[in-house]
Amino acid sequence: MELTLEKKLQGFQLVAQEKLQAILCSIPGKKELILEPALIKPLEHVCTASWLKLKGIQRIYKHDAAQSLPRSADQVHIYMIRSVLGTFTTLMQQLQPLALAEVPDISMKMYHIVCVPSCYSYFQTLLEQMGLWGLVQLHHYNWDFIYFDQGVLSLELPNLYECVYLQGNTSPLPPVAQSLRVLQMVSGRPPVILSYGHHSAQLVDMIHALGKLPEPTPSAEYGAWLIIDRDKDYPASLLTPAIYAGLLLEVFQQRSGEVLVDNSKNKISDQRVELLQGRTQIKSLAQSPKPCSIRLNSTADEIYGDNRYKHFAQVSSLIRAQVKALGLELQKLNDMKLEEMHDYVARKLPKLTELKSKVLRHLNASEIVIKMMGNFRKLQTLEEDILNNVSRKKLLGEIDELLTTDGQRFNTLRLLCLLHHCAGVAPEELQMFARNYCNLVGHQELSVFQRLAQAGLLPHLLPEKKAPTKLLSNLPLPKFQQTEFQANANRLRLLTSFGDGQDGGGSSKNQASNMQSCPSFVFNGTYIPLVAQLCSILLKSNNADEVSTKLTMIDGLTLHLDSGKTTPKAYATQIKTTSSTHQDVFPLKLRNLFIFVVGGASYAEIAACDFVAKQTGAQITVASDSLMAGSDFIAAAFNN
């Protein structure tokens, strides 16, 4: 029986289990596993607790950074942590007094540390400096891609964006390249890879440096791969999505393919300045129900599967209607005879009860989203004006007003970053905003602006100069300034003119047609994510010349073929001049695409790609190092 592509992607779990088994079985003795809390949820996608016990793990503990775990003489402790220097150093400081106090037995190492996904060379150096060389054994473990849902994969490396874009540290990229090579072992090598961005090109070079695939090489499942840097399309991550799955991530904490629905706290309430929280939040804490989780998997949760990529306003009304319908269905019990009731309770009632529980969970989540997002229409109008560079002075005033009235630390900065990327923010404007921002949230956060500048989200904060500022404030700004973003957006037609009936000012009659006519519906009809537009171009182009015509004005795009690296324009010229020896890879013979976003993907991008796939009769798999909301990118700058 031939395996489908989705089944092969789900098979990554077996690959991850084999890797973990090889590590665990190489360690003799009575083993206890101590997990960093952040690794528990991702590891649940790899194996169960019973599977670990079959591999010799007697007990599983959650690692506590403040308290060390005692060990008996015959026990072996295996720690599993992320490859983060701070976490590793803390663990070393915990183990140092314990390991040195015991009688050293180098032949039988009683402490093992499994680093996810890499064990860096400076970890070995630190081990030696702390006198633990020979007493503690280091391992590295990479679980590769985790299958979240149909067409959605994640490496679950949430600190990659912080390392690569905020710190300029590219050490997390080699394990990503190794995972992409494993994908080639599973799904075959694609005829063409399109990379856009410096880090994307680095990843392709690393994949080639790893050598040829082992025999037998599987036949290609994907017609093309697209690897793109996050900073090549910041608007797709900074804009507020209008779809259900996207707004769930905006409001609730995501933990490896599920969101935690907590009435007492969420991302919005946590980032709001305490001064503006109000007493209503404090009163609600005492009456909050127990937190529940929603799995972002269409097979495990059919309510999520039916609504994940629909507009939130549509989903909210559908869920309410479903709650009423279930209530009426359960009322039928009152009119049944005894025999009918027995049959109903035995066969239908358990399924209906489970379905009702899921629907009520989604109803609760949607109500919290509505409450937390506030004036959603006003926010989307502001974002649309930013995209179209309408009245800079007015835009800066509205962002300042949101800062003082709503006080969201991350989302207010996010709007300023969107403005800079779309229209540009002058150093003087940034100085004024930074002063107001620090007065509200605290001057200790001033360094955040420099970190965001490192990622290209803001200009660099310069020392304030009073005289030039007064002079510049009197100079009129040019009315028409086209930024690099707007130039590329116009070339690729990323900006759209229509809005949907709910929030874009259109009529209710054309809402349904507009909602399904363009991938921009994920942002309420204002913007098409770059990955979706590139997918559409790759799938609809009939020859290399057509691809070249559409992409030739975009700098940094590289085609990676078996014959080597080239640009779309150079490839089209080569096909024209040597048509007898070089066969054109376009149109793509296989209608499957693999997309990888270096630095975190959003559900808006996934939904837009899903729309393109349905429109073109293709299958698109979107993968990234992690799935993130817009506020998560800004929050990463506060972690440093």
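Axes here are lines fitted to C-alpha atoms, for helices over the stretch in contact, and angles run from 0 to 180 degrees between N-to-C directions. Helices (H or I, at least four residues) and strands (E, at least two) are DSSP runs numbered from the N terminus. You have a predicted model open: local features need pLDDT of at least 70, side-chain atom pairs count only at pLDDT 80 or more, and totals for chains, interfaces and linings use all residues. Residues are numbered from 1 along each chain as its sequence is written, and side-chain values use heavy atoms, with hydrogens and water left out.

**Stop one: the helices around α21**

Select α20 (409–422) and α21 (427–441). Their axes sit 12 Å apart, and the packing angle is about 175°. That makes the pair roughly antiparallel (angles over 145 degrees count as such, under 35 as roughly parallel, 65 to 115 as roughly perpendicular and the rest as oblique). Show side chains: from α20, Arg409, Thr412, Leu413 and Leu416 meet Leu430, Phe433, Tyr437 and Val441 of α21, where contact means heavy atoms within 4.5 Å. Colour by class and you get six nonpolar residues, one polar and one charged. For the classes, Ala, Val, Leu, Ile, Met, Phe, Trp, Tyr, Cys and Pro count as nonpolar, Asp, Glu, Lys and Arg as charged, and the others, Gly among them, as polar.

Now add α19 (392–405). How do α19 and α21 cross? Their axes come within 11 Å, at roughly 10°, which means α19 is roughly parallel to α21. Pick Arg392, Leu396, Ile399, Asp400 and Leu403 in α19; they meet Glu429, Phe433, Asn436, Tyr437 and Leu440 in α21. This contact has six nonpolar residues, one polar and three charged.

**Stop two: the parallel sheet**

Next, select β1 to β5. These five strands form an open sheet with parallel pairing, in the order β2-β1-β3-β4-β5; two strands pair if DSSP finds at least two bridges between them. At the edges are β2 (57–62) and β5 (136–140), each pairing on one side only. From one strand to the next, the twist averages 20°.

Zoom in on β3 (75–82) and β4 (111–116), which pair over six bridges in the parallel sense. Label methionine 80 and you'll find valine 114 of β4 opposite. Then bring in α5 (85–101): this helix packs on the sheet, touches β3, β4 and β5, and makes about 175° with the direction of β4.

**Stop three: backbone oddities**

Most residues other than glycine have a negative phi, and most peptide bonds are trans. Go to valine 116 and proline 117: the bond between them is cis, with omega near 5°. Proline 117 is in the loop between β4 and α6 (121–129). Another cis bond runs from phenylalanine 586 to proline 587, with omega near 0°, and that proline 587 is in the loop between α28 (568–577) and β15 (592–598). Finally, click aspartate 144, whose phi is positive, near 60°, in the loop between β5 and β6 (146–149).
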